[in-house]
Amino acid sequence: MPVVSRRVVVVGLAVLAASLWVTSALGASTNLSGTVTAGGTPYMKSIPVSQAGQISATISWTSPSAVLTVAIVNPSGAQVALNATNANPKTVNFNAIDTGTYKIRVKAKSGSSAFTGTVTYPGIALPTFAAQIGSGSTGHATVYPSGLDVGPDGTIYVADTGNDQVAAYSQSGALLWRKGARGVRTAGNFANPRDLTYLNGDLYVDDTGNNRIQVLDASNGSTIGSPWTGLPSTLGITAGKDSVGNNIILVSEDTSNKIAVFSTTGTLKCTIAVPSTGSGSTLKQALPRDAATDAAGNVYVAAYQQDRMDEFGPVVGNTCPTTLTRTWGTSGNGPLQFKRPYGVATDGSGHVFVADSDNERIQEFNATGTTLIATYGDKTPANGGSGDFFQLRRVAVANGQVYGADLWGLHIDRFTAPGPTPAQTYPAMFSAPPQGFFNEPSGMTFDNAGNLYVADSVNQRIQQFTPGADGATWSKGAMWGARGWGASDLSGFNWPRDISYAPSTNTLWVADTKNNRLLEFHTDGSSTNNSITVGGPLTWPYAVDASGGSLIVADTFANKVESWTGSTVNWSTSTANGIGLKSPYDVAVADGIVYVADSANKRIVELNANTGAYIATVGTGSLHSPQGVAIDPTNGNIWVSDTSFNKLVEFPAAGGAPIQTVSAPNGAFNHPTHLDVHTDASGNAYLYVADVYNDRVVILNLNEGP
């Protein structure tokens, strides 16, 4: 009986009673098998009868000297049918009126023998809520500041990307307001907001995950007008000036290598193409993260991937500049050098401030970039520095003070003078969320010892849990990981979305999603120093599952599924049954078949694990946005997360109409994605659900055990 090793998520180790809403197509069967001896313990198999109808059980046994009996026991524990004849095989029937858990009992009347059989009954195995790990905001840092700006009164506005919110703090650090509800796309809510800018009492928010700009009232966070929709990938936004001093909004379109220039009401005026460097194998695009203007309208662009600053002339009316005025900076950590410049701002004197993110410092230059005037901040002491930055993202300048948004340091620094040490941090107390809690738990897997590993995506870490008495009971184990980047850092993550255990090597593979790679670890969390680069900046390995000595990968943004052995691609496919894959979000491998959650095509696709050849399609007409899939090792049935409808759907192993749908275990699901079915030490199967926006792993007992 195959066991599928894949993923699981958790938070706050509490087992809670709850209701479980289930709708089902009734009628089920299951297998019977075991060995019984006269005078020994009977074999008992539980069956969930969910409507009136006939129960029929048939057994046969191998030893001709033995005689076995088969009986049916009702939910009250009373025997209601028995076949004690000497016939082999033999059948027992009962017309059930009451619903509940019946049992098939097999005993040896004489001798000893192994047996097999089947039972059919009017119902299906209905899952029940068993436990959850996590839930609530305990697994969240107070703030994950990816973007910031400062108003004229000193109010600090924060794009809190890890909490999917926008917040405002007073100069003293008091929270003034916070807006946004996760998982709801209506105006006033956000998905991964990466930056914001203040202008004349309004906030313009780069609502990156929703591909739009939202305008808020800076005094209270209420929405103004309708969002600007239909934007491509964006990572920065700044209010600036054109050539005659009119207000404009600059939006950094990173993968398009452009700066889009809008009016303050959302009309696109023009775009600035940020040039590439090199050619052929040395071609390097800018992937701009931010832009700003000085008072004269000159445009400064943080060319993130090129480790330099680009300067253009002003926007004139609806016409953008087409040629560079100058560039400055080279790759390095010295003066006038950069490692991944992420943010840029200017002050009233025309000075240019650059958030030199991987050098963990803010550099202040004159307007032409020829002179370094001052440096603010430094790496944390733990990283060999004397300052406070762990992963700097943005810079803002207001009232003669300099502010830095330290995304993965989980705070904002305010500097009143150059140097490594800030005058103030916001919030005053900041630390990583405690172990056992999550912020968007996503991928899950189990090793051969039964340990559970969870990809705690937004917190950039993996958490291990050790098994207890059954599949619903877990204790905290090891934990590792932090924000990381680059070929020299094979222990750091950038929003890891999945994890899979490889039995052949006793190692773990993590889908380090936004770093576009797979990372291998020992089960204690130490790196094996092995990695696989899946693709370039336009790819997203969102799911991984080990199959023999290979890895099956869902490359979501590239719309393909691949099989890798080491650095070799065994096969790659972007179509299934003549239809192009669209946003494949999950993969599960069982019995030589790859099951693909082909999300935008609203289907589950089955592929040959050795060749990638198409086998079958499941769920057409029944699913809306499947983003998770797992196989029940007990019966081969297919469990699917229908994410946009916040429910789970079970399909029979052979495909066809859904067997049942499940929702609201201990509160409704909110964006369920990756799934895993794991059998505990007693042989009971549990379904583990990454309930992402509820920050928990939900554990359902599939009620299929003896």
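The following exercises, each with a worked solution, concern a predicted model.

**Exercise 1. Cis peptide bonds**

Determine which residues are joined by the cis peptide bonds that end at Pro89 and Pro427, and where these two prolines lie.

Solution. Begin with the general expectation: most peptide bonds are trans. The bond from Asn88 to Pro89 is cis, with omega near 5°. Next, place the proline: Pro89 belongs to the loop between strand 7 (79-83) and strand 8 (90-96). Then turn to Tyr426 and Pro427, which are joined by a cis peptide bond with omega about -15°. Pro427 lies in the loop between strand 37 (424-426) and strand 38 (441-446).

**Exercise 2. Positive phi values**

Locate Asn200 and Asn399, and decide whether each is buried or exposed.

Solution. As a starting point, most residues other than glycine have a negative phi. Asn200 has a positive phi, near 50°, and sits in the loop between strand 16 (195-199) and strand 17 (202-207). Its relative accessibility is 64%, so Asn200 is classed as exposed. For Asn399, phi is positive as well, near 55°; this residue is in the loop between strand 34 (392-398) and strand 35 (401-406). Because exposure requires over 50%, the 52% relative accessibility of Asn399 makes it exposed.

**Exercise 3. The disulfide**

Identify the cysteines of the disulfide, its handedness and the surroundings of each partner.

Solution. The structure holds one disulfide, formed by Cys270 and Cys320 with an S to S distance of 2.0 Å. The torsion about this S-S bond is about 75°, so the disulfide of Cys270 and Cys320 is right-handed. The pair links distant parts of the chain, 50 residues apart: Cys270 is in strand 23 (residues 268-273), and Cys320 is in the loop between strand 26 (308-312) and strand 27 (324-328). To classify the partners, apply the cut-off of under 20% for buried residues. Cys270 is buried, at 10% relative accessibility. Cys320 is buried, with a relative accessible area of 10%.

**Exercise 4. Strand 4 and Arg361**

Describe how strand 4 is enclosed and paired, then describe the setting of Arg361.

Solution. In strand 4 (residues 43-49), six of the seven residues are buried, so the strand is largely enclosed by the rest of the structure. Strand 4 runs antiparallel to strand 9 (residues 100-110), and seven bridges join them. Within this pairing, Ile47 has Tyr102 of strand 9 as its bridge partner.

Arg361 belongs to strand 32 (residues 361-365). With 12% relative accessibility, Arg361 is buried. The side chain of Arg361 reaches the backbone oxygen of Gln337 at 2.9 Å. Beyond four places away in sequence, Arg361 touches residues including Asp356, Tyr376, Phe389 and Leu392.

**Exercise 5. Salt bridges**

State how many salt bridges are counted, and examine the pairs Asp160 with Arg178 and Arg182 with Asp164.

Solution. The count comes to 18 salt bridges. In one of them, the side chains of Asp160 and Arg178 meet at 2.7 Å, N to O. This pair links distant parts of the chain, with Asp160 in strand 13 (residues 156-160) and Arg178 in strand 15 (residues 175-179), 18 residues apart. Asp160 is buried, at 0% relative accessible area, whereas Arg178 is partly exposed at 26%.

For Arg182 and Asp164, the closest N and O atoms are 2.6 Å apart. Both Arg182 and Asp164 are buried. Finally, extend the analysis to a network of salt bridges, which links Asp164, Arg182, Glu440, Arg497 and Asp695.

Methods: Residues numbered from 1 in each chain as written. Predicted model: local features only at pLDDT ≥ 70, side-chain atom pairs only at ≥ 80, totals over all residues. Heavy atoms only, no water. Helix = DSSP H or I, 4+ residues; strand = E, 2+ residues; numbered from the N terminus. Buried < 20%, exposed > 50% of the residue type's maximum accessible area, 1.4 Å probe, protein only. Disulfide = S-S within 2.5 Å. Pairing = 2+ DSSP bridges. Polar contact = N/O pair within 3.5 Å; in protein donor to acceptor, adjacent residues only side chain to side chain. Contact = heavy atoms within 4.5 Å. Salt bridge = Lys/Arg side-chain N within 4 Å of Asp/Glu carboxyl O.
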